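Colleague: I am new to this model and would love a close look at one part of it. Please take me through the place where two helices meet and the hollow beside it.

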Amino acid sequence: MIQPDSNGPRLEMWEPGRITPYDKNPRSLPQKAVDKVAGSLKAFGFQKPIVVDEQGVIIAGHVVYKAALQAGFARLPVLISNLDAKAARAYRLADNRTAQETDWLDDLLGDEMLALDAAGFDLDALGFDDEELARLLGEASNEAIANGTGSLADRFGIPPFSVSTATATTT
């Protein structure tokens, strides 16, 4: 598994040409996924490295690598793994498969998106389609209205106002 004479994985910055995709990668790399990851990299930068073996062959991070190329990054963070060849081959599968075991909690996800939207964050950087954003924001807003935590404008269907913008009417 882990090579006992190794000092552990090392984090380095490499030029993209030093990295080689694994030629037997059993996962597809749809352009839609690459585009979303490229957008995320542009918005947030690298927050986790591409995992490679000592020869620079990707163990985990094929979509990230392709997205980084598309986005034009000149240097990429790589974690040089200390797994032996058999364990690296197994980890390629385990890393992708275990990520499939989770689901979104739409109510919490919607709340997070509403908070980001209210703070003025560009939600397009999150990688969700327009339809997904509309559904999630709508559900979260409806829930806030239903439980009385939405804004007055949301709860009562009126635009926000202040004392300085309100006009008095007499009858």
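Modeller: Happily; here is the helix pair, followed by the pocket.

This is a predicted model, where local features need pLDDT of at least 70, side-chain atom pairs count only at pLDDT 80 or more, and totals for chains, interfaces and linings use all residues. Residues are numbered from 1 along each chain as its sequence is written, and side-chain values use heavy atoms, without hydrogens or water.

Start with helix 1, residues 31-44, and helix 2, residues 62-71, whose axes come within 8 Å and cross at roughly 65° (helices are DSSP runs of H or I with at least four residues, strands E runs of at least two; axes are fitted to C-alpha atoms, with angles from 0 to 180 degrees). The two helices are therefore roughly perpendicular to each other (65 to 115 degrees; under 35 is roughly parallel, over 145 roughly antiparallel, the rest oblique).

On the helix 1 side, Gln31, Ala33, Val34, Asp35, Val37, Ala38, Leu41 and Lys42 take part, meeting Val63, Val64, Lys66, Ala67, Ala68, Gln70 and Ala71 of helix 2 (contact means heavy atoms within 4.5 Å). This contact has ten nonpolar, two polar and three charged residues.

Now for the largest pocket, with a volume of about 1500 Å³ (an open set of 1 Å grid points where a 1.4 Å probe fits, with protein on both sides within 12 Å along at least five of seven lines; lining residues have an atom within 4 Å of a point). Of its 37 lining residues, Val37, Lys48, Val63, Val64 and Ala99 are closest to the centre. Val37 also belongs to the helix 1 side of the contact, with Val63 and Val64 on the helix 2 side.

Helix 1, strand 3 (58-60), helix 2 and helix 3 (85-99) each give the lining at least two residues. Helix 1 makes the largest share, with six.

Key. Nonpolar A, V, L, I, M, F, W, Y, C, P; charged D, E, K, R; others polar. Points joined across faces, edges and corners; volume = space filled by probe spheres on them.
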